[in-house]
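This briefing covers one sheet, the helices that pack on it and one residue within it. Please have the sequence and the model open while reading.

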Amino acid sequence: MAGGDKSAQLIRDTMEGTEQTVPHIFVVMGASGDLAKKKIYPTLWWQYREGLLPKNTIFVGYARSALTVDGIMAKSQPYLKVKDTEQAKFKEFVSMNKYVKGSYSERSAFENLDAELKKIEQGQEGNRLFYLALPPSVFMEVTTNIKATCMSPKGWTRVIVEKPFGKDSESSAKLSNHLSSLFSEEEIYRIDHYLGKEMVQNLMILRFGNMIFGPSWNRNHIASVVITFKEPFGTQGRGGYFDEFGIIRDVMQNHLLQILTLVAMEKPVSTDAEAIRNEKVKVLRCMPELKLENVVLGQYVGNPDGKGDEKLGYLDDSTVPKGSVTPTFAAAVFYICNERWDGVPFILKCGKALNERKAEVRIQFHEPPGDIFQSQLQRNELVIRVQPDEAVYCKFMTKKPGMSFSPVETELDLTYGARYKDVVLPDAYVRLILDVFCGSQMHFVRTDELAEAWRIFTPLLHQIENDKIKPVPYTYGGRGPSEADEMAAKHNFRFTGTYKWTKPQL
């Protein structure tokens with residue numbers, strides 16, 4: 001059963017009261033941290049409120065801090081968004097939470113955690129899920145202690161690992177080998193929240209559920225593919241953490257590359273998780289290592305005409321090391337050496353302190369052969385807007401209305417907010433955590449997939465760091481370095497600017 005079908009069945013079972021009564025214990029490792037308060041606890045509350053979890057689910061926070069459940073909820077309050085009419089339900093949710101204080105390195109602390117989990121299970125078969133909302137520096141010791149002391153004695157145990165999954169091929173392999181020595185592949189869930197987004201999950205339906213796209217999804221019809229991620233803000237005082245990784249590790253090597261594999265992969269034999277992940281790995285194996293000549297690196301500087309933080313450049317962040325050459329913008333061109341995509345550039349772009357918040361996939365088609373319209377045609381484009389304001393739109397040519405016989409560019413627009421007005425799209429973490437409960441790994445990263453991704457990027461990352469490649473400065477609030485546009489044009493992307501999607505007035 002596919003991940004979405006499993007989730008739907010779990011919802012039906014829960015609502016009908018047929019879900020198993022065995023305890024399901026969700027352990028938040030790092031319950032005192034930002035990720036826990038901003039994403040994990042709000043997600044768990046949303047799922048609990050909507051009745052999406054097994055009935056007998058208990059939540060256990062674990063961290064080194066001296067906290068209480070009420071303290072955790074108070075820290076999470078701005079992100080929980082509890083309505084006045086939901087106060088009784090929320091009180092019920094809080095009562096299902098517990099907190100255990102303990103070290104991440106001492107076995108005795110985990111033995112104490114295990115004792116608390118056994119109290120909850122009361123000798124029954126119980127399932128345990130550990131979410132590692134922790135710094136990568138403690139992944140190994142925490143997972144070692146979980147394996148030694150906290151595995152479910154009768155039910156299943158699953159471990160969710162947050163990115164970064166290493167910093168290069170060597171560190172990633174070290175972590176993967178460590179996890180593989182402790183857990184089976186079926187017990188490891190490497191979470192990339194972009195794989196839980198509505199439009200990313202929609203890519204497979206668009207591609208393989210519509211005959212209109214299938215025959216043209218290849219090098220004979222597609223001129224270029226551009227996958228973009230833009231943020232309109234800088235590091236905002238968190239540059240010390242960002243500087244350790246940079247924009248390529250933070251966004252491109254994981255989020256954007258995952259989207260690329262979904263755009264480029266062959267049709268899987270089924271919607272089974274392994275069938276899909278097999279095809280994604282095949283795409284990565286056809287991609288050569290990324291070369292510096294196919295990359296533009298940038299770092300934002302302050303905008304003297306801007307307001308507030310816009311006046312500050314990356315190096316003005318007091319947490320950033322002086323003279324840092326860490327890129328905050330990157331554009332890179334990839335090629336996939338297989339029969340379907342040979343010669344088609346896949347251009348990945350990502351950056352901070354840009355002119356808008358946006359993530360999208362833009363598929364640009366070749367011009368029609370035998371131009372009889374004297375070069376008045378623009379290239380057709382299919383655009384999948386991932387965030388914000390999910391949409392799919394297609395740019396194409398039609399006759400200009402009236403007496404003219406000139407072609408004009410127009411669009412077919414499916415904006416989800418307009419078409420599906422009464423549908424609430426769940427957060428990516430809601431989907432993915434539910435998939436872990438269901439045991440579906442469709443939207444999680446497999447070990448060999450991760451190894452191939454690092455193979456593509458590691459030589460470039462080492463070259464950037466060893467040679468201290470200086471990024472091109474770009475102004476806060478702009479489109480990024482002009483060199484990126486020049487590189488895209490060189491690799492067969494044609495920007496016309498004749499049509500810009502705008503959010504409809506709902």
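Which residue in E12 does Arg 362 stand opposite? Arg 362 stands opposite Val 383. This is a predicted model, in which local features need pLDDT of at least 70, side-chain atom pairs count only at pLDDT 80 or more, and totals for chains, interfaces and linings use all residues. Residues are numbered from 1 along each chain as its sequence is written, and side-chain values use heavy atoms, without hydrogens and water.

**The sheet**
- The open sheet has nine strands (DSSP runs of E, at least two residues, numbered from the N terminus) in the order E14-E13-E12-E11-E7-E10-E9-E8-E16, with mixed pairing.
- Strand E14 (407-415) and strand E16 (472-475) are the edges, each pairing on one side only; pairing requires at least two DSSP bridges between two strands.
- Strands E11 (residues 358-365) and E12 (residues 381-387) run antiparallel and are joined by six bridges.

**Helices on the sheet**
- Helix H8 (residues 198-208) packs on the sheet and touches E12 and strand E13 (391-399); contact means heavy atoms within 4.5 Å, and helices are DSSP runs of H or I, at least four residues.
- Helix H9 (residues 239-264) also packs on the sheet, touching strands including E7 (222-230), E10 (345-351) and E11.

**Arg 362**
- Arg 362 lies in strand E11.
- Because its relative accessibility is 13%, Arg 362 counts as buried (under 20% relative accessible area, 1.4 Å probe, protein chains only).
- Outside its neighbours within four places in sequence, Arg 362 has contacts that include Ser 224, Glu 381, Lys 395 and Phe 493.

Terms used: Axes fitted to C-alpha atoms, helices over the stretch in contact; angles between N-to-C directions. Buried < 20%, exposed > 50% of the residue type's maximum accessible area, 1.4 Å probe, protein only.
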